[in-house]
Every structure is written in C-alpha cells, then in structure tokens.
Amino acid sequence: MARRTSLVNLNQISDINMTPLMDLTFILLITFIITFPLIEQGITINLPKGKAADMMETQTRSISLNLQKQLYLDDVPVSEDELRTQMTRIGIDDPNTTIYVRADRQLPYGDVVAVMKILHDANITKMALVTEAEQ
C-alpha cells in the first residue's frame, strides 16, 4: 500500500507572493512623496528668489511672516510682543542659535526690517533671510 503525501500543497506554500508587499511599498512611497513638501513648509509663504549658501546644521529657530502679516515662531503663531520675549530669552540663554527669517516676497520692506529690529534688540547675532533657490 502506497503512502499518500500532498506534494502539491507543499509546492504552493514554497512560493512567496511578493505582489502585495510591492503594492504596499509603492503606496507608502507615493504617500511620502506627496506629503513631504507639506510637512517641510508648514506655513505657505511666497519666498523671494535669490542665490544663497546652503544652511548649516546648527541649532536653529525660524520666524515666518506671511502676507497677512502674521508672525510664526517655529510654525506656532505668536504676537509681536511674544516674539520679542522669546527672542530676548533665546539671546540670553543660547546666543549661538541661528534665526532664519522667512517672509513673503510681497511684504513691504519695513515689515521685514521690524522683525530684524526685534532680533537686533534681543542681541541675536546669527540670523539669515531665507530665499527660494533660483531656477
């Protein structure tokens, strides 16, 4: 009497179907490609175009000023007085912090200068104006 084994079932198990894994990988890749620019720039600001050096990897904070003249410190809305208080604190506690100023290109020059005056009054010596790269 011959012994019956199910060789057919063993062959089916030995193959791994990679198609669902590849589908999931492509979906995740597409999701990151779409959402990364939104995460990188939380506040929509139309930056001026210009040529500039690359940003250094140091301790940094960013101030954003949009077209509606709303101030943001690291993507958190702040008033001018709150910004002045925070900058004074940073100037005293960590004077090596670099402040990046991002302002909409259509804002009057005086509004950007007002932000820079706050930084100057807080003894912040390291600051940079962020621009969009020329193409």
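The expected span of a helix is taken as 1.5 Å times one less than its number of residues. Helices (H or I, at least four residues) and strands (E, at least two) are DSSP runs, numbered from the N terminus. The model is predicted: local features need pLDDT of at least 70, side-chain atom pairs count only at pLDDT 80 or more, and totals for chains, interfaces and linings use all residues. Residues are numbered from 1 along each chain as its sequence is written, and side-chain values use heavy atoms, with hydrogens and water left out.

**View 1. Length and buried side of helix α4 (residues 109–121).** With 13 residues at 1.5 Å a residue, α4 should span 18 Å, and this agrees with its end C-alpha atoms, which are 18 Å apart. V112, V115, I118 and L119 are the buried residues of α4 (buried: under 20% relative accessible area; exposed: over 50%; partly exposed: in between; 1.4 Å probe, protein chains only). Because they cover an arc of only 110° around the axis, these residues lie on the same side of α4; the arc is that of the directions from the helix axis to the C-beta atoms. An α-helix has 3.6 residues a turn, so residues three or four places apart point the same way. Exposed Y109 and H120 are carried on the face of α4 turned away from its buried side. Just after α4, N123 has a positive phi of about 60°.

**View 2. Strand β2 (residues 60–65) with its partners β5 and β3.** Two strands pair if DSSP finds at least two bridges between them. Parallel pairing joins β2 to β5 (residues 98–103) over 6 bridges, and within β5 Y100 is the bridge partner of S62. Strand β3 (residues 71–73) runs antiparallel to β2, with 3 bridges; here L71 stands opposite L65. The β2–β3 hairpin has 5 residues between the strands, and K69 takes a positive phi near 65°.

**View 3. Packing around α4 and the nonpolar cores.** The buried residues of α4 pack against β2, β3, α3 (80–93), β5 and β6 (127–129). A nonpolar core is a set of buried Ala, Val, Leu, Ile, Met, Phe, Trp, Tyr and Cys residues joined through side-chain atoms within 4.5 Å. The largest such core has 18 residues, and those with the most contacts inside it are I63, L71, L83, M87, I99 and L119. At least two residues of this core come from each of β2, β3, α3, β5 and α4, and α4 supplies the largest share, 4 residues. Another core, of 6 residues, lies apart from it and includes I43, I45, L47 and Y100.

Definitions and conventions. Contact means heavy atoms within 4.5 Å.
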